[in-house]
Amino acid sequence: MSEFFAVYGSLINFAGLNALLALSLYVPLSAGQLSLGNAAFAGIGAYVSAILTMRLNAPFPLAIAAGAFTAACVAVVIGAPVLRIRGIFLAMATLAFGEVVRIAAVNLAITGGAEGLIGIPSKTTMLIIYGTLGVAAYFLTILRGSRIGWSFASIREDETAAMVMGINTTLYKNSAFILGAFIAGIAGGLYAHLNFIITPGEFGFAAEVQLLIYNIVGGARSVWGPILGAFILTAIPEVLRGVDITAGPPRLFVNGLILLLVILYLPNGLSSFFKRAKGSSE
Amino acid sequence: MSVFIQQLINGFFIGSVYGLFAIGYTLVFGVLDILNLAHAAIFTLGGLSALWLTRTTGLPVWASFCLATLFSGLLGLVLYRVAFAPLRRRADSNLSGLISSIAMAIIFEAGAFEIFGARTVRFPQGMFAVRVYHFDSLTFTSLQLEIVAIALGLMVVLSLCLKHSRTGKAMRAVAESETTARLLGIPVERIISETFFVSSALGGAAGILFGLYFNALGPDMGRSIELKGLAVIILGGMGSIPGAILGGIAFGMSEVLTVALTGMSSLRDAVAFSVLLLILILKPSGLLGRGRIRQA
Amino acid sequence: MGMSVGNVARKTAVVAALALGLTGIGSKAQAAPGEAKIGFALSMTGAAAAYGETQKNGALLAIDEINARAGKNGIRIVPVFEDDASQPQQGVNVFNRLIFADKVVMIIGPTLSNTAQVADRIAQKAGVPVVGISNTARGITDIGDYIFRDSLTEMQVIPDTIRVVEKKTGMKKVALLYGNDDAFTKSGYDVFKKALEDSHIKILTEQSFSKGDRDFSAQLTEIRALKPDALVVSALVEEGSGIVSQARRLGIGTNVPIIGGNGFNSPSLIKNSGKASENVFVGAAWNESSSNPLNVDFVKAYTAKFGSAPDQFAAQAYAAVHIAVDALKRAGSTDNRKALRDALTRVQGLDTVLGKFSFTKGRDADCTPVVEMVMGGKFMVLSE
C-alpha cells in the first residue's frame, strides 16, 4: 500500500486539485454560463497566495483565502459587463480575459515573468486537498437542491423564461460566476503550494479547455460528473502507461477519441452512464 | 516615416493571411451557428500535406497547393460527418459541436504528430525563386505579393460565389433559416457539407500560404493562429465574410502598430486581446454590425 | 432511453482498458545483475517535443553502442523511456513511477527546466541521482546533492561569446530580441543583457516575441531603423532560423552579425536559413565540427541511424549516457543509487562528445564552451 502511495501519491493529489478546478467551472455551467476564464482565476489565486507566503510570510490558510477572494473580486468587476453577453460570445470574452491575465503574468516583475515564481513553500497535503474537495462538493450539492440551485437551472434551461418568471437573472448569473472564480482561486492557491513553482503557461488556453473537457466527459449535470471526469482524465496517462502506450501521439489520440465518443454517445457525460446502468439493473 | 509604412506593409501582409483563415471559421459559424475549433487543425494539416506532396512527389508548388487545398476540403467533409452531423438534432448543438470540434482537433493533431513528427519541417531551400524588392528603404518580396494576391483572390471569389452562384444562394438561405430552406426544396444536408468543404479548403489554403512564407511547419503551427482567428471573426462580426477580411487586416495592423507606436512588442498580444474584450462588451455583434453571411 | 448494443460494447471497452491499466501498475521485474535500469523522462509530446525527440535519439544511439560492446561482464543498460508531455504535472507522475515502480537506478532528463524544478525534488527526496541534459535555468542543481547536469548554462556560455564577438567586430551598439514567455529564452535574455552591460555595449532597443510566433517582421522593422552594429537574439533554433531569415530579407544585411546562445547551436539553423545564416555567431556547449574522434564517430553514426545530423540536445543526451556508464563502472554496483551518486561526483576529465568533461563541486557541467561563427555555410570555431 505504501508503495502504491509512493508511486501514485502525486497523481492522487493532482486528481483532487483538477476535480476542484472542474467544480469551479461546473458552477457557472450549472447556470448556463460557458466561462473559459476559470484557469485564469486559478492563476490569480495561485499567484496572489504564493506572493503572500513567499514575500510576506503570510500564514498558509490566510494566503489561500486572500487568493480566492482576489479571484472573486476580479470576477465581480469582470462579470458585471461580461455576463450580459451570451453563449459562445461569453466564452470568447472570458477567453480573452484569460489571455490578458496570462500575458500580464508574463510581463510583470512581481509574478516572476516567464520563469514564474520559484520556491513556493510546500504546504498543501492530500488531506487538505480532499478535505476542500469534500466541503466544496457537499456545499454545491446543498446549493443544487436550494432555491438558488433551482434558479441556476432555470436560467440554464431558458434565460428569457427565467426572467419572465421573475428570477433576477443578472444577480444569479453573477453569483455563479463569482462562486466559480472563488473555488478556482482556492484550487490555484493549493496548487501553487503543492508544486513549488508556478508559471504563466499553466493557466492558459490549454488549461481552460482541459477544465471544460473534465466537465463534458464527466457530465456537468451533477456535482459528481466533473469530479469523475477530472479523476478519469488525470489518471488516463498513467493507465495508458500500464497498457504500454507510453508516449506521444497515440496518447493524444486516445484523449481525443474519449472526448469524441462521450460527446456523441453520452451527451450527459460518463456520470450519466453510471446512473443509467444503475437504472437498468434495478 | 518609411519605418511606419514598412510596418503597414507587414501588417497588411500577415493580416491578409489571418483574413483567409478567419473566413472559413466565420462561414461555418454563419451557416450553422457552430464554432469549429478544429479549423486550426485543418490549417495545420493543409500546410503539412502540401509540404508532403512537394517532397515526396516532386510536384511543382502550385500543383501541391491545389491538391492540398482539395485535401483540406475533404478533411472538412470528414469533420462534418463525424463530429457535427450526428449532433445536429440536439438542442445544445452549438455547445456540443464546440466540444466535438475540440475532440477532432486533438485527433487531427495526433495524426499530424504521428506522420510528421514534432520537429519543424520546411520546404526545400530554393524550391521557388523569391525576389526581394527594395524601394528606398521599403522592402517586400515577390512571395509576399503572390500570397496577398492569392488570399485576396480567394476571398473575392468566395464573396462572389455566395452572392451569385446557386450553391452560394442556398448557403445563405440555410444560414437565414434551415426550416425555410428545407421548405423551398434546398437539400440542406448537402449544402452544409459543401459549406464545410469550402470552409476547410480555405483554412487549408491559409495554412499552405502561411507555411510557404514562414517556411516553418509543424503540428503546433495552428495554435497561435487559433486564438487570433477567433479574435478576427469577433472583430469583424461572427458570420460576416467582409467582416472576416477586414477584421483580419485590422488585427494584423493592430499587431504591428502596437510594436511601432509603443516600441514594446511584449504588449502586442495584450493589446489585441484587450481590444477584443472591449469590443465584446461594447458591441458584441462586431465592428461591422450585423453583417451576417446571409447578406454577404 | 435504452442503450444500444454498440454503446454497451464501447463502455465495456473503456472499463476493460481501465482495469487492465490498473493491474499493469506496480510490479515490474528488477534488472538482472550487470544490467543498469535507467529512466529517461523526456518530452515526447507538447511544446518541447522537438527537443525530446533528438534527445531520445542521442540516448538510444549511446545505449546501442554500450550494450553492443558490453560483452559478458560489461554493464548493459535497460532504458525506461517515459513521456512527460512537456508538463510539470506529468513530469512528477513520471518521476514517481520511474523511482518507485520501475525502481530505476538513476534518471536522465527531464527536457524542460520548469519540469526539473518540480520533479527533481522527488528524486532528491528519494535519493535517486538525476542527470539533466538540457536544463539551463538557475538553481536546478541547488535542489540537492543528487541533482547533476551535463548542460552548460547560458551563464557559462554567453559572457564569453559577447567578449569574443566584440573583439572580432568592434560592435558598440546592438539591438536585443528575445522570447519573453519562455523560461529558457527569457533567462538567456537576462544573461545577454548583463554581459552587454558589463562590456559597456549600448542596447538600442529590446524587442520580444511569444512562443510559437512565426512572424517577426514588426520587431525587425523597428530594429532595422536603429541601425545596430549587431543583433543579439535569445531564441530556440526554430524561432531563431525564422528571425535570421526574416532579418536578412528585411534588409539587415549579412554584414550585421547576429549573435545567439545555446539555442542557436544546431545544424538546422544553417539548413533552415541558408545564406541568411552567414555571419551568425553562436555561443554553445557542443562543437559539431570538433575533430575529437569521439565526436566525429558520433556525428557519423547518428546521421547514419536517424537520417539527419545531430544537434546539441542529441549530443548532451548521448554524453549523459556515457557519463552514467563511467560512474556505474566505478560505483561497483548497478542498483546502488547512493554509490552511483558518489561515483558521479567523481567524474573527472572524462572524454565525451562535449570534450573533456567533469562535474563541478556544485554538480554543474564543466567543459569548455565554444564560440562559433557561420562562414561559407558551416560552423567555424573561433579562437580568441
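Student: What makes residues 290-296 of chain B stand out in terms of pLDDT?

Tutor: Their pLDDT stays under 50, on a scale from 0 to 100 that gives the predictor's confidence in each residue. The model still has 26 contacts beyond four places in sequence for this stretch; a contact means two residues whose C-beta atoms, placed from the backbone, lie within 7 Å. Keep in mind that this is a predicted model, where local features need pLDDT of at least 70, side-chain atom pairs count only at pLDDT 80 or more, and totals for chains, interfaces and linings use all residues. Residues are numbered from 1 along each chain as its sequence is written, while chains are lettered from A and ligands numbered from 1 in the order in which they are written.

Student: And what does chain B average?

Tutor: A pLDDT of 87, with 96% of the residues scoring at least 70.

Student: Let's try chain A. What is it built from?

Tutor: Chain A comes to 12 helices and 2 strands. These are DSSP runs, numbered from the N terminus: helices are H or I with at least four residues, strands are E with at least two. In sequence order, the pattern is α-α-α-α-β-α-α-α-α-β-α-α-α-α.

Student: Why is chain A called as compact as a globular protein of its length?

Tutor: Set the value against the rule: its radius of gyration is 19 Å, close to the 19 Å that the globule rule gives for 282 residues, so the description fits. The radius is taken over C-alpha atoms, and the rule is 2.2 Å times the number of residues to the power 0.38. Also, 78% of the contacts in chain A with a separation of 6 or more link residues 24 or more positions apart.

Student: Over in chain C, why is β8(C) called largely enclosed?

Tutor: Buried means 20 or more other C-beta atoms within 10 Å of a residue's own; exposed means 12 or fewer, partly exposed is in between, and C-beta atoms are placed from the backbone. In β8(C), 5 of the 5 residues pass as buried, so the rest of the structure largely encloses this strand. Both faces are covered: C:Ala230, C:Val232 and C:Ser234 sit on one side, C:Leu231 and C:Val233 on the other.

Student: How do you know that β8(C) pairs with β9(C)?

Tutor: Pairing takes at least two DSSP bridges between two strands. β8(C) and β9(C) have 3, in the parallel sense, so they qualify. In one of these, C:Leu231 has C:Ile258 as its partner. Strand β6 (residues 173-179) of chain C also runs parallel to β8(C), over 5 bridges, and there C:Leu177 partners C:Val233.

Student: What sheet do these strands belong to, and what makes a strand an edge strand there?

Tutor: An open sheet of 7 strands with mixed pairing, in the order β7-β6-β8-β9-β10-β14-β15 (chain C). Its edge strands, β7 (202-209) and β15 (378-382) of chain C, each pair on one side only.

Student: Which part of chain C gives the most to the side touching chain B?

Tutor: Across that interface, 27 residues of chain C are in contact with 29 of chain B. α7(C) gives the most to chain C's side, with 6 residues. By class, that side has 6 nonpolar, 14 polar and 7 charged residues. Here Ala, Val, Leu, Ile, Met, Phe, Trp, Tyr, Cys and Pro count as nonpolar, Asp, Glu, Lys and Arg as charged, and the others, Gly among them, as polar.
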